[in-house]
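Work through the exercises below with the structure open. Try each task before you read its solution.

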Amino acid sequence: MLGICRGRRKFLAASLTILFVPAITWIYLFAGSFEDGKPVSLSPLESQPHSPRYAASSQRERESLEVRVREVEEENRVLRKQLSLAQGRGPAQRRANHSKTYSMEEGTGDSESLRAGIVAGNSSECGQQPAVEKCETIHVAIVCAGYNASRDVVTLVKSVLFHRRNPLHFHLIADAIAKQILATLFQTWMVPAVRIDFYDADELKSEVSWIPNKHYSGIYGLMKLVLTKTLPSNLERVIVLDTDITFATDIAELWAVFHKFKGQQVLGLVENQSDWYLGNLWKNHRPWPALGRGYNTGVILLLLDKLRKMKWEQMWRLTAERELMSMLSTSLADQDIFNAVIKQNPFLVYQLPCFWNVQLSDHTRSEQCYRDVSDLKVIHWNSPKKLRVKNKHVEFFRNLYLTFLEYDGNLLRRELFGCPSEADVNSENLQKQLSELDEDDLCYEFRRERFTVHRTHLYFLHYEYEPASDNTDVTLVAQLSMDRLQMLEAICKHWEGPISLALYLSDAEAQQFLRYAQGSEVLMSRHNVGYHIVYKEGQFYPVNLLRNVAMKHISTPYMFLSDIDFLPMYGLYEYLRKSVTQLDLANTKKALIVPAFETLRYRLSFPKSKAELLSMLDMGTLFTFRYHVWTKGHAPTNFAKWRTATTPYRVEWEADFEPYVVVRKDCPEYDRRFVGFGWNKVAHIMELDAQEYEFTVLPNAYMIHMPHAPSFDITKFRSNKQYRICLKTLKEEFQQDMSRHYGFAALKYLTAENNS
């Protein structure tokens with residue numbers, strides 16, 4: 001601080017010189033012609049004003065005065081030039097000067113500085129951050145475990161990406177669940193100049209499991225203590241963040257604060273903004289030892305290289321062991337131990353201005369550390385109440401958080417111009433595939449969709465399911481968009497087994513879905529439903545991509561490939577488990593067909609048996625599915641035979657056949673070239689037949705399609721001639737690919753198509 005302000009004083013002195021030198025010069029010249037209040041003679045001939053010598057003398061004096069004025073102006077010009085050079089010095093030179101002369105401006109934990117010192121520090125021009133090099137990589141470490149924390153990390157990352165101008169390297173200490181979710185998310189997000197590395201949190205448990213912790217973060221809340229040991233040995237510094245953080249500025253500003261550390265300062269922390277460590281929140285409240293109010297560890301700047309040299313690992317372990325003898329457990333996880341270490345070694349900490357961690361916790365005093373909400377840089381939702389915490393400006397904070405929560409993450413895929421990024425194989429392959437497409441092709445958008453990488457967030461809600469040990473378990477697989485959410489509760493009531501759903505949503509719709517699910521007793525009571533969000537991009541509904549995502553993330557040996565508009569009969573889950581055993585699905589290539597029916601009534605008394613269903617068919621309450629608009633789709637099921645069948649029977653593939661089937665989890669994926677409406681299931685059934693799957697109809701199984709408004713894609717198919725032309729082109733190309741792949745056996749598909 002002293003060095004920076006000294007430089008400012010030099011600047012001020014030089015400025016004053018420019019202003020006052022001309023004035024002093026004129027005063028001097030003017031005053032020089034007076035003595036004792038009377039004019040002083042400038043020449044012996046002054047008493048003779050009309051003499052030639054007086055005129056010549058006056059001329060010489062004027063010339064002399066002009067020369068002196070020009071000299072002063074030249075001096076001013078030189079001073080201005082020096083000042084402009086001083087102002088324009090490069091960031092590296094400024095940073096060098098700052099780092100040499102800077103002393104700790106925010107104090108060493110004096111709690112009285114919270115309002116006076118910190119507010120003054122926030123607005124001080126002398127506290128301006130030094131610049132960070134344009135393409136310097138900023139390292140960020142986050143501990144993340146479980147489904148909910150994985151959602152929180154996304155919002156944090158969005159806020160960082162929104163403001164950033166530098167390459168980022170995220171170091172994620174994650175359990176198996178978070179790693180699966182976040183690895184898929186970042187792989188499909190494809191953000192330029194962002195690198196992700198994972199570190200197995202489960203392997204670190206033994207390092208901290210000996211510390212009892214009462215905090216809701218559990219064992220993972222202690223893992224920031226072992227970052228010096230966990231992160232790469234060549235990593236010198238890192239910003240450590242909690243998952244419940246929101247950035248309101250460029251993270252490079254925080255990274256720049258490292259240059260202000262001096263001496264043995266190795267930890268950058270914001271003072272705790274509650275009275276927790278003062279021990280006066282309630283009677284008999286006994287917190288861990290801390291310096292003054294202590295420090296909050298939601299945002300930490302770690303100088304890893306120096307911490308390792310100081311033997312940080314040994315330091316915190318000895319402190320924790322000593323304090324646990326009397327405290328028995330931690331209340332605030334790693335924060336208690338960090339503060340106990342700092343209490344013994346105050347020289348370790350560099351106190352950050354409080355706007356770098358505005359803590360919205362219970363009993364917070366955060367309102368006292370800023371004058372205006374526009375001063376804030378980092379908001380920390382460190383109360384278990386999260387968005388429901390009480391604060392004078394909580395609406396502002398909540399709106400900022402919701403902005404990033406619902407912000408379209410696809411917009412953050414922007415390049416950092418002028419910064420070379422590491423080669424990404426997936427991105428390069430994608431660009432190569434897209435470059436091979438003809439943009440003048442009328443079906444270009446259809447073809448492009450096949451290669452579009454959709455950002456995908458697996459297991460958006462908590463998922464917990466262990467498949468049955470008898471290897472007969474079946475998962476219902478389906479896909480949906482926002483307009484079909486109302487079907488979820490009904491399906492859960494009809495199907496008690498595991499479900500894998502792919503939802504095609506925008507970021508804002510994903511949050512609407514989250515609120516809908518959390519408000520539903522039916523959905524919240526089910527932990528065996530995997531919700532996988534595929535984020536919207538492009539103009540088509542990627543139906544087969546969604547099916548593939550849902551299929552890929554099942555944990556059972558078999559799957560029932562359904563659609564969201566169908567309600568399975570009561571008890572179908574158990575019936576299918578028995579059928580896969582009876583028909584030896586494990587050792588044979590079979591596709592078990594569940595006959596499909598439909599109703600045109602929005603209110604239906606669902607049939608509880610096959611006999612009841614047949615009665616409703618006879619009365620006209622139910623119909624075989626699509627018999628009046630697309631008979632070929634399900635005609636090969638042979639509903640006439642099904643009416644009286646008591647044992648499974650085999651049927652042959654026919655053109656345009658698209659039944660709903662139960663298959664092993666290793667069955668082929670759906671073809672992604674088919675998007676929106678048309679041929680998406682037909683192509684898949686054709687591929688099953690080409691691979692010699694045997695189609696077997698189950699005699700006592702059924703499902704019923706519930707009525708709904710026409711989808712946007714079927715409307716486009718019916719109204720757009722080019723849409724239908726492109727679909728026909730894609731069908732022909734698919735059949736040609738089948739012929740090349742399966743040879744002579746696939747010729748029947750071309751013949752069948754021509755005859756249909």
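Buried means under 20% relative accessible area, exposed over 50%, and partly exposed in between (1.4 Å probe, protein chains only). The model is predicted: local features need pLDDT of at least 70, side-chain atom pairs count only at pLDDT 80 or more, and totals for chains, interfaces and linings use all residues. Residues are numbered from 1 along each chain as its sequence is written, and side-chain values use heavy atoms, with hydrogens and water left out.

**Exercise 1.** Classify Cys 419, Cys 135, Cys 144 and Cys 667 as buried, partly exposed or exposed.

Solution. Start with Cys 419: its relative accessibility is 9%, so Cys 419 is buried. Cys 135 has 32%, so Cys 135 is partly exposed. Cys 144 has 0% and is therefore buried. Cys 667 is buried too, because its relative accessible area is 7%.

**Exercise 2.** Find the disulfides and describe each one.

Solution. A disulfide is a covalent bond between the sulfur atoms of two cysteines. Here the test is a pair of cysteine sulfur atoms within 2.5 Å. The structure has two.

Take Cys 135 and Cys 419: their sulfur atoms lie 2.1 Å apart. Their S-S torsion is about -90°, so this disulfide is left-handed. It ties together distant parts of the chain, 284 residues apart: Cys 135 is in the loop between helix 4 (116–123) and strand 3 (138–144), and Cys 419 in the loop between helix 13 (394–405) and helix 14 (425–435). Helices (H or I, at least four residues) and strands (E, at least two) are DSSP runs, numbered from the N terminus.

Now take Cys 443 and Cys 726, whose sulfur atoms are 2.1 Å apart. Distant parts of the chain are linked again, 283 residues apart: Cys 443 is in the loop between helix 14 and helix 15 (444–449), and Cys 726 is in helix 25. The torsion about the S-S bond is -95°, and the link is left-handed. Both Cys 443 and Cys 726 are buried.

**Exercise 3.** Describe the surroundings of His 215.

Solution. First, locate His 215: it sits in the loop between helix 7 (201–208) and helix 8 (227–230). Its relative accessibility is 22%, so His 215 is partly exposed. Next, list its contacts (heavy atoms within 4.5 Å). Leaving aside neighbours within four places in sequence, His 215 touches Thr 330, Ser 331, Leu 332 and Ala 333. Last, compare C-alpha atoms: those of His 215 and Ser 329 are 9.6 Å apart, although 114 residues separate the two along the chain.
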